[in-house]
Amino acid sequence: MTDTARRPTRAGLVAELERERLEFERAGRSRKRIDLPLLSYWLKGRDQLLPGSKKNRLPSQEDCEAVARALSQKAPHSAQELPKIGIEIADLARRLKEEAGPGWRDEVLACLAPAVTVATHTASEANTAPETHALPKRRGWQFAVATAIAVGLIAGTMALRSGASEGDGASGGEGVAQMTDLKGNHRCGPIRAVGAVSWRPCTKVGKDSLSFVVQFSNSSTRAATVKARIAYVQAGAQQDCPAPWGTAHDVTVPAGATVTSPLDGCAAPLVAAQAFQARAWVAEPNASAWGYREHSPTLHIQANSRLVWADQI
């Protein structure tokens, strides 16, 4: 991402957004206002769709583009990701509205929460067990699209958090360094999500070695635990990393925090005329299978030791 000291605060980001909006007004253009409460609401990620949350508007494509412009100088990586995420969220919201009508948020909630427990206790029922009502099964499209829009919101939150700082972060779980930014020469792959935790694999260039890491971001208001496995690909062949990161390592990500696996958890020496990329899996702690794997962009080390990323070719 970008250097922590250069990241704008939320208040600074909102001030820049308002400055641009007023400039647009003077030029005869219009854009919806993004104030501090709304920005903080968006940073809830998927929790925007859960019970008890005020139903503010979701970030639109226009909103994401505006935030991206405001972050372009101090958080260029976030600025590159946000417009694409805005398109994804807008498309998913449109599909949900077409299928479920104005009450689509309730349909999303029904898909995200497998059951609702209703406990009504009176003085005479203090020892009565709560009654549980299972929600009816929803159609396949609803679950798929609800999951997708939740992932889109989480991804948007991760990109925005990377650019807008709120102050010191909470420390991560055991074996995890608190690094909301990977400094220096690195590239990260697409963002994936497991529950409230979004994640992506990254490859970072050191002085004489490469580090293969995973960056985790928790968009919820509670700590969340996942398990992760990291390997890397060298010249087309997978290379396993030592335990615990190379086998299965539980990672607890504090509420609202972004943490990164340690640089020495999975590393390899720089080798000329070879290509490298990180490969990672993240799943629920009790999952019996890893599921989908993700990769960082490929780093090509040429015969003369020049480093070239796949996006530079």
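Start with the cysteines: this predicted model holds two disulfides. Select C188 and C202 and show their sulfur atoms, which sit 2.1 Å apart in a disulfide. Look along the S-S bond and you'll find a right-handed link, with 105° about that bond. C188 belongs to strand β3 (residues 186-188) and C202 to strand β5 (residues 197-205), so the bond ties together parts 14 residues apart in sequence. Turn on the surface here: C188 is partly exposed at 21% relative accessibility, while C202 is buried at 0%.

Next, pick C241 and C266, joined by the other disulfide, S to S 1.7 Å. Both ends are in loops: C241 between β8 (237-240) and β9 (249-253), C266 between β10 (258-260) and β11 (267-269), so this pair ties together parts 25 residues apart in sequence. C241 is buried at 8% relative accessible area, and C266 is buried too, at 1%. Counting bonded cysteines along the chain, the pattern reads 1-2, 3-4.

Now for the rings. Select F212 and Y232: their ring centres are 4.6 Å apart and the planes meet at 5°, so they count as stacked. F212 is in strand β6 (residues 209-218) and Y232 in strand β7 (residues 224-234), 20 residues apart. F212 is buried at 0% relative accessible area, and Y232 is buried at 10%. Add F276 to the selection and you have a cluster linked by ring pairs.

Last stop, charges over rings. Show R29 with F24: the charged end of R29 sits over the F24 ring, 3.9 Å from its centre. Then jump to K227, whose charged end sits over the ring of W290, 5.0 Å from the centre.

Terms used: Residues are numbered from 1 along each chain as its sequence is written. This is a predicted model: local features need pLDDT of at least 70, side-chain atom pairs count only at pLDDT 80 or more; totals for chains, interfaces and linings use all residues. Side-chain values use heavy atoms; hydrogens and water are left out. Rings of Phe, Tyr and Trp (its six-membered ring) pair if their centres lie within 6.5 Å; planes under 30 degrees apart count as stacked, over 60 as edge-to-face and the rest as tilted. Helices (H or I, at least four residues) and strands (E, at least two) are DSSP runs, numbered from the N terminus. Buried means under 20% relative accessible area, exposed over 50%, partly exposed in between (1.4 Å probe, protein chains only). A charge sits over a ring if NZ of Lys or CZ of Arg is within 6 Å of the ring centre and within 35 degrees of the ring normal. A disulfide is a pair of cysteine sulfur atoms within 2.5 Å.
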